[in-house]
Amino acid sequence: MRIDDFQRPAQTGVLCEDWREWKQPIVWFQGTTDTTAIQFFLKNIHPGMRDGALMLLGSPRIPSSRPNLFGELMKVIILPTRAVEEAVNWALNGGPDPDITLHMRLRASSSRRALYAAYNCIKNSLHELSHTNARPRVVLVTDTPSVVRHIKEELKEYAEIMHFDYMSYSSQNSSEIMSATYFQPSKLRARDWGPMPRWVAFVDFFLASRARHAVISGAHRRVGTTYAQLIAAMAAANKLHENLAYPLNFSFYSSFQSTLLAGGLGNQVGWGHVWNRFGGKLSCHNQTDQCALTPLLPCGWWDGPWQSPIVRDIRRLKTYGVDMKDTGEVLETSLLSFCKSRKIPVKTMALQLPSCKKKCQR
């Protein structure tokens, strides 16, 4: 097995090596902690590697070409346990799957600006469902339970609002695990994750990923969190029609209040974050509330229109041999020169497979 350590720029061949020519049948791409790492292949200097990455990941310049990579993987490898599925069905109360999911990450904030921006986003999405006769269903997921009543009251005229009430469910359920006190977060994490027991997040995830039309992410500070991304990806994969490249009539939206856009998208940063690639100098300042169509697979490079890196990322990429302009364009000649000037050490590990002789004899 060959080991390629992504976290150590001097020991990774993600940009400079043609992995198709490696003799080892197994490669451990070590240190890939988020969705960004594999997207480095989009800038590999070998055309065959780059073409393969484009087929797998789509082009950052063409958002519609980016596939629902992680949603399709989750659809195959992740299933709810029977206990979680029963809790989801209890929340649905015998009715159909929700049309829209609203995820609000408020971190106990009492500000209503994020909520009002999200209301407009929901109303726009509901307008797209106006051709249906049934009353739309919206499932609400939030880390701040105190806002549930406010949201229900505000939107009751437009849709049926559902929310998994874990207190009511646990009082009717004899399970030791699905109790109101099992696996509660520490005080340090309660403000970040919310006061609910951790098992509630699994029920919320599988409930929210049943959305048939749209997933909307709103927040007090960072919009499009990893949790919201995974919900949208799973929901889109669940609704994917056979022989279609993209799920029919399904969208992922990011709801921004104007206060988050005063300085552009500079505070929407973090490796793997859905809007990280738009946080640099090109992001527009002082915008009004936005309901932004969001890719299911976050962009991993800054080559697309309106994308621009922040200073921290420019410095980090230089350690990998990537020089960039302030506008986000990669200096390809610099990358080629960097790759020609270095030799990457080959690190391998011998795998000792257990013998099956004794088992076979049995």
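In this predicted model, methionine 104 has threonine 142 in S4 as its bridge partner. That one pairing is a good place to start, and we can widen the view from there.

The two strands involved are S3, residues 100–105, and S4, residues 137–142; they run parallel and are joined by 5 bridges. As a general point, the strands of a sheet pair through backbone hydrogen bonds, either parallel or antiparallel. S3 and S4 belong to an open sheet of 6 strands, and if you walk across this sheet you meet S5, S4, S3, S6, S7 and S8 in that order, with mixed pairing. At the edges stand S5 and strand S8 (290–293); each has a single partner strand, so one side of each is left without a neighbour in the sheet. From one strand to the next, the twist averages 25°.

Helices lie against this sheet. Helix H4, which spans residues 113–127, packs on the sheet and touches S3, S4, strand S6 (214–219), strand S7 (251–256) and S8. The direction of H4 makes about 170° with that of S3. Helix H5, residues 148–155, lies across S3, S4 and S5 and runs at about 160° to S4.

Now let us look at S6. On one side, S6 runs parallel to S3, and 6 bridges join the two; here threonine 101 has valine 215 in S6 as its bridge partner. S6 also runs parallel to S7, with 5 bridges between them, and alanine 214 is matched with serine 251 in S7. How many of the residues of S6 are buried? The count is 6 of the 6, so S6 is largely enclosed by the rest of the structure. Both faces of the strand are covered: Ala214, Ile216 and Gly218 are buried on one side, and Val215, Ser217 and Ala219 are buried on the other.

From the strands we can turn to a helix, H8. Of the 10 residues of H8, 8 are buried, so this helix too is largely enclosed by the rest of the structure. The buried residues are Trp199, Val200, Val203, Asp204, Phe205, Phe206, Leu207 and Ala208. What do these buried residues pack against? Their neighbours are helix H2 (69–77), H3, S3, S4, H6 and H9, and S3 and S4 are strands we have already met in the 6-stranded sheet.

The contact with H9 can be followed in detail. Helix H8 (residues 199–208) and helix H9 (residues 226–238) pack with their axes 8 Å apart, at an angle of about 40°. The two helices are therefore oblique to each other. On the H8 side, Ala201, Asp204, Phe205, Phe206 and Ala208 take part, and they meet Tyr227, Leu230, Ile231 and Met234 in H9. Sorted by character, the residues of this contact are 8 nonpolar, no polar and 1 charged.

There is a second sheet to visit. This open sheet has 3 strands in the order S2-S1-S9, again with mixed pairing. Its edge strands are S2 (27–30) and S9 (347–348), each pairing on one side only. Strand S1, residues 2–5, pairs with S2 in the parallel sense over 4 bridges, and isoleucine 3 stands opposite tryptophan 28 in S2.

Our last stop is the aromatic rings. A pair of aromatic rings is described by the distance of the centres and the angle of the planes. The model holds 17 aromatic pairs. One of them joins tryptophan 19 and phenylalanine 41, edge-to-face, at 4.9 Å centre to centre and with 90° between the planes. Tryptophan 19 lies in the loop between S1 and S2, and phenylalanine 41 in the loop between S2 and helix H1 (47–57), so the pair ties together parts that are 22 residues apart in sequence. Both tryptophan 19 and phenylalanine 41 are buried.

Tryptophan 90 and phenylalanine 164 form another pair; with ring centres 5.9 Å apart and planes at 90°, this pair is edge-to-face. It links distant parts of the chain, 74 residues apart: tryptophan 90 is in helix H3 (residues 82–92), and phenylalanine 164 is in the loop between strand S5 (160–162) and helix H6 (166–172). Are the two residues buried or partly exposed? Tryptophan 90, at 29% relative accessibility, counts as partly exposed, whereas phenylalanine 164 is buried, with a relative accessible area of 1%.

Finally, ring pairs link Phe6, Trp19, Trp22, Phe29, Phe40, Phe41 and Tyr320 into a cluster.

Note on methods: Residues are numbered from 1 along each chain as its sequence is written. This is a predicted model: local features need pLDDT of at least 70, side-chain atom pairs count only at pLDDT 80 or more; totals for chains, interfaces and linings use all residues. Side-chain values use heavy atoms; hydrogens and water are left out. Two strands pair if DSSP finds at least two bridges between them. Axes are lines fitted to C-alpha atoms, for helices over the stretch in contact, and angles run from 0 to 180 degrees between N-to-C directions. Angles under 35 degrees count as roughly parallel, over 145 as roughly antiparallel, 65 to 115 as roughly perpendicular and the rest as oblique. Contact means heavy atoms within 4.5 Å. Ala, Val, Leu, Ile, Met, Phe, Trp, Tyr, Cys and Pro count as nonpolar, Asp, Glu, Lys and Arg as charged, and the others, Gly among them, as polar. Rings of Phe, Tyr and Trp (its six-membered ring) pair if their centres lie within 6.5 Å; planes under 30 degrees apart count as stacked, over 60 as edge-to-face and the rest as tilted. Buried means under 20% relative accessible area, exposed over 50%, partly exposed in between (1.4 Å probe, protein chains only).
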